[in-house]
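Colleague: Please give me a close look at one part of this model, the largest nonpolar core. I would like to know which residues and elements make it up, and how far the coordinates can be read.

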Amino acid sequence: MFTWSYSSLKDYITCPKQYQEVKVLKNYQKEMTEQILYGNQVHKALENYIKDGEPLAQNYQRFAPLMDTLKEIPGEFHPELRMALNFDRKACKWSDPECWVRGIVDFLVIDGEHAFIVDYKTGSNKYPDVKQLRLMALMVMEHFPQINKVKAGLMFVMHNSFITEEYTREESEKLWNSFIPDLERLKLSYEKDIWHATPNNLCGWCPVKSCEHHKER
Ligand code: SF4
């Protein structure tokens, strides 16, 4: 059985061949672009600001008002919480050999039966991908069994915009079902060892130089 995360599943959906070359065969590594590097640095700065009150560097000061709003939310804070579920979709340790899915929530507040989740985004807010919030909400509900309602949002820090969703425990099965078709395809790829190349507009950024569809940027 394979383990997955939201981003690895997304990579598979984008191009199974790239997923195979990078994640299964480990023939190539994904390139560390300037955007990824910047995103990682911002995440770290925001994490430290929330967790330890570490002042934001001058160039990140503009994120302070958004972060200060988050800090005012009542409840127990869990910044950058690592969560994992086993094959039975039950909470387990990150390193558990039975681990099935892993995810890190940027910002989580637990307040009674309510949870508030935020994922920081440094990219464009043009096509927000809220599906990752579903997975985070499902994992939070397993790690904190008292939670019945989750408010979750994508915080586009560069654009001062916030896209929110709300989920309830009653919807869990429906939310899981939204991942099943892609997970079934991924399972089949592993079983049959079939990984189709899927040319797409990211081929220029693909590390798989041996692919016939690879092109220089
Ligand atoms: S170049 Fe394009 S088609 Fe080929 S592996 Fe990479 S993403 Fe897939």
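Modeller: What follows starts with confidence, then goes through the core, the sheet and one residue of a helix.

This is a predicted model, in which local features need pLDDT of at least 70 and side-chain atom pairs count only at pLDDT 80 or more, while totals for chains, interfaces and linings use all residues. Residues are numbered from 1 along each chain as its sequence is written.

The chain has an average pLDDT of 94 (the predictor's confidence in each residue, from 0 to 100), and 100% of the residues score at least 70. Among the elements (DSSP runs numbered from the N terminus, helices being H or I of at least four residues and strands E of at least two), strand E3 (residues 91–92) has the highest mean pLDDT, 98, and helix H3 (residues 34–52) the lowest, 91. Where pLDDT is low, predicted coordinates should not be read in detail.

A nonpolar core here is a set of buried Ala, Val, Leu, Ile, Met, Phe, Trp, Tyr and Cys residues joined through C-beta atoms within 7 Å. Buried means that 20 or more other C-beta atoms lie within 10 Å of a residue's own; 12 or fewer is exposed, and in between is partly exposed, with C-beta atoms placed from the backbone. The largest core has 40 residues, and Ile-117, Met-136, Ala-137, Val-140 and Val-150 touch the most other members. Elements giving it two or more residues include helix H1 (6–14), H3, strand E5 (107–111), strand E6 (114–121), helix H5 (131–143) and strand E7 (149–156). H5 supplies the largest share, eight residues.

Contact means C-beta atoms, placed from the backbone, within 7 Å. Leaving out residues up to four places away in sequence, Ile-117 touches Val-105, Leu-108, Leu-133, Met-136, Ala-137, Val-140, Val-150 and Ala-152.

E5, E6 and E7 also belong to an open, mixed sheet of five strands in the order E1-E5-E6-E7-E8. Strand E1 (76–77) and strand E8 (161–168) are at the edges with a single partner strand each, so one side of each has no neighbour in the sheet. Strands count as paired if DSSP finds at least two bridges between them; E6 and E7 run parallel and are joined by eight. Val-118 stands opposite Gly-153 in E7.

Helix H3 holds Leu-46, which counts as buried because it has 27 C-beta neighbours inside 10 Å. Beyond four places in sequence, Leu-46 is in contact with Phe-63, Met-67 and Tyr-120. Met-67 is 21 residues from Leu-46 in sequence, yet their C-alpha atoms are 7.5 Å apart.

How values were computed. Contact = placed C-beta atoms within 7 Å.
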